[in-house]
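Got your viewer open and a moment to spare? Load the model below, and we'll walk through it one selection at a time.

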Amino acid sequence: MKPWPLLALTPLLMAQAKPVLVPDVSQRNIEIAYSFTGAELLLFGAILYPGGRLPTGEQPTDIVVVVKGPTQSILMREKEKVAGIWVNAARLRYRSAPSFYAIASSKPIDRLVDDRTRAIYELGLDSLQLSPASSAPAPIQDRFQKGLVDLKRRAGLYYEAPRAVEITDGVLYRARVSIPARVPVGRFTAETFLIRDGRVLAAAVRDIDIRKSGFERFVARAADRSSVTYGLVAVALSVFLGWAAGWIARRV
């Protein structure tokens, strides 16, 4: 076979090549001690274009960064006032809701992609796939999902930051994501999406480990590995501290 057909296809192959993301984070490991008041993650990286140069005559690219915590099962209860007393009424369990969700973007999400793309990549709080455990009617699921998102948002565990991603010269980008003091521990993921003309051109993921350290880590491990012993020791310690406080009060 002569080499000229391959040479003729080279411009076409180059045109079909897509850019590549090279992301990183300022901290791969975050340790939570008794004095932990939160942290700020710097997510940064570069966009590598085919041929090593910016394409001319095309729409500029945008960046979306999503930081997710480990999924957890959550039981949502709805309060109802009966005879002047607030009681638990309807409830709905979610099998896999992210314990933490933060999204930062160079532009508002609704200006970057359509609803279908947002749902596929879970871009935005209103596009989360929370996996309810029961087949409740759609209006009930929507009501409970809005309630869950609102609770997480008020706790600082869910939030959106449009225009928080800075892109320099169309190549370098960076964004800051705040980690609250009440953040759960576990394996987090930082996903970066490169978007142009309403399409996701590239994506990359970096892992982040958040774990307890010091005495907090010891207590967490004890509660997880020996829950019965941990419970008995906690009760005994509470009884002892109560007795000691009473004894001191009588002596004073």
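A salt bridge here is a side-chain nitrogen of Lys or Arg within 4 Å of a carboxyl oxygen of Asp or Glu. By that rule, the structure holds 11 salt bridges. What you're looking at is a predicted model, so local features need pLDDT of at least 70, side-chain atom pairs count only at pLDDT 80 or more, and totals for chains, interfaces and linings use all residues. Residues are numbered from 1 along each chain as its sequence is written, and side-chain values use heavy atoms, with hydrogens and water left out.

**The whole chain**

Start with a cartoon view. You should find 5 helices and 12 strands; helices (H or I, at least four residues) and strands (E, at least two) are DSSP runs, numbered from the N terminus. Now switch on the surface: the accessible area of the chain is about 15,800 Å², and 56% of that belongs to carbon and sulfur atoms. Such areas come from the Shrake-Rupley method with a 1.4 Å probe, and for residues only the protein chains shown count as cover.

How many of the 252 residues count as buried? The share is 33%. Buried means under 20% relative accessible area, exposed means over 50%, and partly exposed is in between (1.4 Å probe, protein chains only).

Contacts are worth a thought too (heavy atoms within 4.5 Å). Among the contacts with a separation of 6 or more, 70% are between residues 24 or more positions apart.

**Stop one: a bridge between distant strands**

Select Arg211 and Glu31. They form a salt bridge, with the closest N and O atoms 3.6 Å apart. Arg211 is in strand β12 (residues 199-212) and Glu31 in strand β2 (residues 29-32), so color those two strands to see how the pair links parts of the chain 180 residues apart. Arg211 is partly exposed, at 30% relative accessible area, and Glu31 is partly exposed as well, at 47%.**Stop two: more bridges**

Stay on strand β12 and pick Asp207. The side chains of Asp207 and Arg187 meet in a salt bridge (3.4 Å, N to O). Arg187 belongs to strand β11 (residues 186-196), so this pair ties together parts that are 20 residues apart in sequence. Asp207 counts as partly exposed because its relative accessibility is 37%, and Arg187 is partly exposed at 47%.

Next, zoom in on helix α3 (residues 138-154). Here Arg154 forms a salt bridge with Asp150, and the closest N and O atoms are 3.2 Å apart. The two are 4 residues apart in the helix, which means about one helical turn separates them. Is Arg154 buried or exposed? Arg154 is exposed, with a relative accessible area of 62%, while Asp150 is partly exposed at 35%.

For a trio, select Asp115, Arg118 and Asp126: a network of salt bridges links them.

**Stop three: two surface patches**

Patches are made of residues with over 30% relative accessible area and no salt bridge; like charges are joined within 9 Å, and nonpolar side chains (Val, Leu, Ile, Met, Phe, Trp, Tyr) within 5 Å. Lys and Arg count as positive and Asp and Glu as negative, while His and the chain ends are not counted. The place of a charge is taken as NZ of Lys, CZ of Arg, CG of Asp or CD of Glu.

Which residues form a positive surface patch? Select Arg77, Lys79, Arg91 and Arg93 to see it. The elements giving two or more residues to this patch are β5 (71-82) and β6 (85-98). Arg77 lies in β5 and is partly exposed, at 46% relative accessibility.

Now for a nonpolar patch: Val20, Val22 and Leu48 have about 240 Å² of accessible area together. Val20 sits in strand β1 (residues 20-25) and is partly exposed at 44% relative accessibility. Leu48 is in strand β3 (residues 39-48) and counts as partly exposed at 46%. Leaving aside neighbours within four places in sequence, Leu48 is in contact with Pro19, Val20 and Val22. Try the distance tool on Leu48 and Lys18: they are 30 residues apart in sequence and 9.0 Å apart in space, C-alpha to C-alpha.

**Last stop: two backbone oddities**

Most residues other than glycine have a negative phi. Select Arg163, in the loop between β8 (158-162) and β9 (166-168): its phi is positive, near 65°. Arg163 counts as exposed, at 54% relative accessibility. Then move to Asp169, in the loop between β9 and β10 (172-179). Asp169 has a positive phi of about 55° although it is not a glycine, and at 66% relative accessibility it counts as exposed.
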